[in-house]
Every structure is written in structure tokens, then in C-alpha cells.
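Got the viewer open and a selection box ready? Let's take a walk through this one, stop by stop.

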Amino acid sequence: GEEIDSLQKSHVFNMQKLKNSELRLAEAERKLRELALNIKMKEELIKELVRTGKDAESVSRQYSLKTAKLEQESEQAKMELAETQKWLQELESKELRDIPEKAKLQKEFRKKMDAAKLKVQRQATELEQIVAQMKHQQTQLQQRLCEESEKKKELEADIQRDQQQIKVGFFLFLYDKE
């Protein structure tokens, strides 16, 4: 009778131990699924960061090309302006017999010079606008990068904590098995 009673108590104790182990195993499996989900989120975040970086590089390249083109056009306009001024000075220093023709040429050159000046001013304004846009975009990208970096740190900390909890749960599970 005593032996049967002892066996029954041992059986109940072992069944309780098994139930506890199964609960811990289920908890470890749940945490493993959460960890897998967190890892997937982190990978997506990293892809997004890479994509954002590539977008920024692309925009930067486009602005650089446009800026270089505008600078080149601006230099060309300045050269045209200087050339027109030189022609105008030469024309004014020459003694032309035909006064009306001289006046006509002077008027034409002045028109060309005004057009060249206007072109240089417009290009300078356009360059200033591009630089302002670039600075604004740079600020936005820096803010976004900081935010994404913070999210990444938080995710890494969460994953680290989850991994520790899973390890502890797994070791407790193994310990209970023994």
C-alpha cells in the first residue's frame, strides 16, 4: 500500500514537472517566433535604410550634374558678356563715318550685353535655389537617418533581450528534463 502510494505521489510530481516543462517550452517557442518576427522587421529596416541612402546618392548626383551644367552655362554667359563689352568698347573707340550705323551697332551690342547680364543673373538665382533645395533635402535625410538609426538600436536591444530570455527559458527547460 505504501509503495503504491509512493508511486502515485511520484507519478503526480512527474506529471506536474512535465506540465511545467511543456509550458516553458511553449513560452520559448512563442519567444522564438517573436524573435523571428523582430529579425524580419530589422532586415526590412536595414533594406529601407540602404534604399534611403541610395535615393539620397541619386538625388545628390542629379543636383551635382545640374549644378555643374548651370555653372558651365554661367561661365559661357560671362564670357559672352565680356566679349560683347570688348566689342562695344572697340566700336566706341573707332571713328565711323556712318554715324547712324554706329548708333545701330551700339544699340545691338547693348541689347546683347543686357541679355547676357540677365542670363547670368537668372543662372545665379537658379543655382541659389538648387543649393537651398539641396540643403533642405540634406536636413530631411539627416533627420530620417537619425530616426531610423534610433529604431534600429531599439530593435537590436529588443532582439538581444529576447535572445537572453529564450536562452534562460531553454536552459530551465533542459534543467527540468534532468
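Start by selecting serine 74, which is buried, with a relative accessible area of 10%. That value puts serine 74 in the buried class because the cut-off is under 20%. Keep in mind as you click around that this is a predicted model. Serine 74 is found in helix 1. Now show what is around serine 74: beyond its neighbours within four places in sequence, it is in contact with Val120 and Gln123.

**Zoom out**

Time for the whole chain. How many helices and strands does the protein chain have? Colour by secondary structure and you get two helices and zero strands. Helix 1 covers 2-93 and helix 2 covers 99-177. Line the view up with the principal axes, and the C-alpha atoms fill a box of roughly 145 × 15 × 15 Å. The radius of gyration tells a matching story: the protein chain has 39 Å, while a compact globule of 178 residues would have one near 16 Å.

Switch on burial colouring next, and 19% of the 178 residues count as buried. If you draw contacts between residues at least 6 apart in sequence, 84% of them join residues at least 24 apart.

**The core**

Select Leu81, Leu88, Leu91, Phe109, Met113 and Ala116 together: these six residues form the largest nonpolar core. Helix 1 and helix 2 are the elements that give two or more residues to this core. As general background, nonpolar side chains in soluble globular proteins tend to be buried together.

Which residues does phenylalanine 109 contact once its neighbours within four places in sequence are set aside? Centre on phenylalanine 109 and you'll find Thr84, Trp87, Leu88 and Leu91.

Hop over to one of those partners, tryptophan 87, whose place is in helix 1. Is tryptophan 87 buried, exposed or partly exposed? Tryptophan 87 counts as partly exposed, because its relative accessibility is 47%. Try a distance label here: the C-alpha atoms of tryptophan 87 and glutamine 106 are separated by 9.3 Å, with their positions 19 residues apart along the chain.

For another partly exposed stop, pick aspartate 114, at 48% relative accessibility. Aspartate 114 lies in helix 2, and its C-alpha atom is 16 Å from that of threonine 125, eleven residues apart along the chain.

**A buried isoleucine**

Next click on isoleucine 130, in helix 2. Isoleucine 130 is buried, with a relative accessible area of 3%. Leave out residues up to four places away in sequence, and isoleucine 130 touches Tyr63, Lys66, Thr67 and Leu70. Then stretch a distance line from isoleucine 130 to methionine 15: the two are 115 residues apart in sequence and 75 Å apart in space, C-alpha to C-alpha.

**The largest pocket**

Last stop. Select Ala56, Val59, Ser60, Tyr63, Met134, Lys135, Gln137, Gln138 and Leu141, which line the largest pocket. Helix 1 and helix 2 each give two or more residues to this lining. Which element gives the most to the lining? Helix 2 does, with five residues. Colour the lining by residue class and you'll see five nonpolar, three polar and one charged. About 160 Å³ of space lies in this pocket. You have already met one of the lining residues, Tyr63, among the contacts of isoleucine 130.

Definitions and conventions:
Residues numbered from 1 in each chain as written. Predicted model: local features only at pLDDT ≥ 70, side-chain atom pairs only at ≥ 80, totals over all residues. Heavy atoms only, no water. Core = buried A, V, L, I, M, F, W, Y, C linked by side-chain atoms within 4.5 Å. Buried < 20%, exposed > 50% of the residue type's maximum accessible area, 1.4 Å probe, protein only. Helix = DSSP H or I, 4+ residues; strand = E, 2+ residues; numbered from the N terminus. Contact = heavy atoms within 4.5 Å. 1 Å grid on protein atoms, 1.4 Å probe; cavity = no way out; pocket = protein on both sides within 12 Å on 5 of 7 lines; lining within 4 Å. Points joined across faces, edges and corners; volume = space filled by probe spheres on them. Nonpolar A, V, L, I, M, F, W, Y, C, P; charged D, E, K, R; others polar. Rg over C-alpha atoms; globule rule 2.2 N^0.38 Å.
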